Amino acid sequence: MSEWLCVVGQDPRQQAAARALRQAGVAVAGPEQAGQAPVILLPMGAAGALADACRAAVQAAAPGALVLAGRPDAALRRLAEQRELELIDYYARPELVRLNAVPTAEGCLALLLQMRDSTIWQSRFLVLGYGRVGQAVAERLRALGGLVTVAARSAEQRAAARCANCRAAPLTALPRLLPRADAVVNTIPAPVLPAGQLARLRPGTAVVDLASAPGGTDFAAAERLGVRACLAPGLPGRCAPVTAGRLIARTVLNLLNERRTAPDTEE
């Protein structure tokens, strides 16, 4: 493989991605080579000083360079547009979203074990939403003997949950489902757990919110009500950075291979 790229960021996930790319035959350089690299790989959801390093790499990029970023913010997108650089959000790739659900689900289980004093086995779990992450969480809870109910707005998602041997109910059923739950896992990026709903939970019920920030839980209300609630974004990078980095590398390789084999449509 003839491509080479520069990797910005030294967190464990980026380091794992760089190692996996090297093993696949891609030459990898550091951010000091951003001005010469044909491809620049930026980290997932960069913030603070790392966001500054990402902007500096894009600012230094050569004309025609390809910028690969995970969930880039508006400022980074504007900068790439101003520099007339192609920017691709690799987190939007379906294969990465699907595979990332695995370390997310495993991290969620670890949090549930830390937050609670009971086993997953024979505990009653309420999973809100049944997209890729909801499916991965529910599957693993059931595999460990958890009693899982899925609440979802979509009739198709509820049917899929039933086919996976979970109980299923519409979101309108939350008033009767919440008091029965030993723990709640939310995957819906909408305010589905406001104060009124949280007040229905029994004392000791844990809430893990996996939705994108700010999540779907009123955390201020949870604190007032004494509900143990945790917003847990970015679990793959926190709980399984080596796996998360390898998944990013595989996605980058897929993307580069597709670009190499795409037919030339220019006249």
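Which strands does helix H4 lie across, and at about what angle does H4 run to S10? Keep this question in mind as you open the structure, which is a predicted model.

**Stop one: the sheet**

Begin by selecting the six strands that form an open sheet, and follow them in the order S8-S7-S6-S9-S10-S11, where the pairing is parallel. At the edges you will find strand S8 (167-169) and strand S11 (228-231), each of which has a single partner strand, so one side of each is left without a neighbour in the sheet. If you look from strand to strand, neighbours in this sheet are turned by 20 degrees against each other on average, when direction is ignored.

Now narrow the selection to strand S10 (residues 206-209) together with S11, two strands that run parallel and are joined by four bridges. To see a particular pair, pick Val-208, whose bridge partner in S11 is Cys-230.

**Stop two: the helix across the sheet**

Add helix H4 (residues 94-115) to the view, and the opening question can be answered: H4 lies across strand S6 (124-128), strand S9 (183-186), S10 and S11, and it runs at about 155 degrees to S10.

Within H4, select Leu-99, which counts as partly exposed because its relative accessibility is 37%. Then select Leu-247 as well, and set a distance between the two C-alpha atoms: Leu-99 and Leu-247 are 148 residues apart in sequence, while in space they are 7.3 Å apart.

**Stop three: helix H11**

Leu-247 is one of the buried residues of H11, and among the others are Pro-241, Ala-244, Gly-245, Ile-248 and Leu-256. Select the whole of helix H11 (residues 241-261), whose 21 residues should span 30 Å at 1.5 Å a residue; the end C-alpha atoms are 30 Å apart, which agrees with that expectation.

**Stop four: helix H3**

Finally, move to helix H3 (residues 74-82) and colour Leu-76, Leu-79 and Ala-80, which are buried. When you look down the axis of H3, these buried residues fall within an arc of 100 degrees, so they line one face of the helix. On the face turned away from that buried side, you can select the exposed residues Glu-81 and Gln-82.

What covers the buried residues of H3? Show strand S3 (39-44), helix H2 (48-60), strand S4 (66-70) and strand S5 (86-89), which are included in that cover. Before leaving this region, step just past the end of H3 to Glu-84, where the backbone takes a positive phi of about 55 degrees.

Note on methods
Residues are numbered from 1 along each chain as its sequence is written. This is a predicted model: local features need pLDDT of at least 70, side-chain atom pairs count only at pLDDT 80 or more; totals for chains, interfaces and linings use all residues. Side-chain values use heavy atoms; hydrogens and water are left out. Buried means under 20% relative accessible area, exposed over 50%, partly exposed in between (1.4 Å probe, protein chains only). The arc is that of the directions from the helix axis to the C-beta atoms. Contact means heavy atoms within 4.5 Å. The expected span of a helix is 1.5 Å times one less than its number of residues. Two strands pair if DSSP finds at least two bridges between them. Axes are lines fitted to C-alpha atoms, for helices over the stretch in contact, and angles run from 0 to 180 degrees between N-to-C directions.
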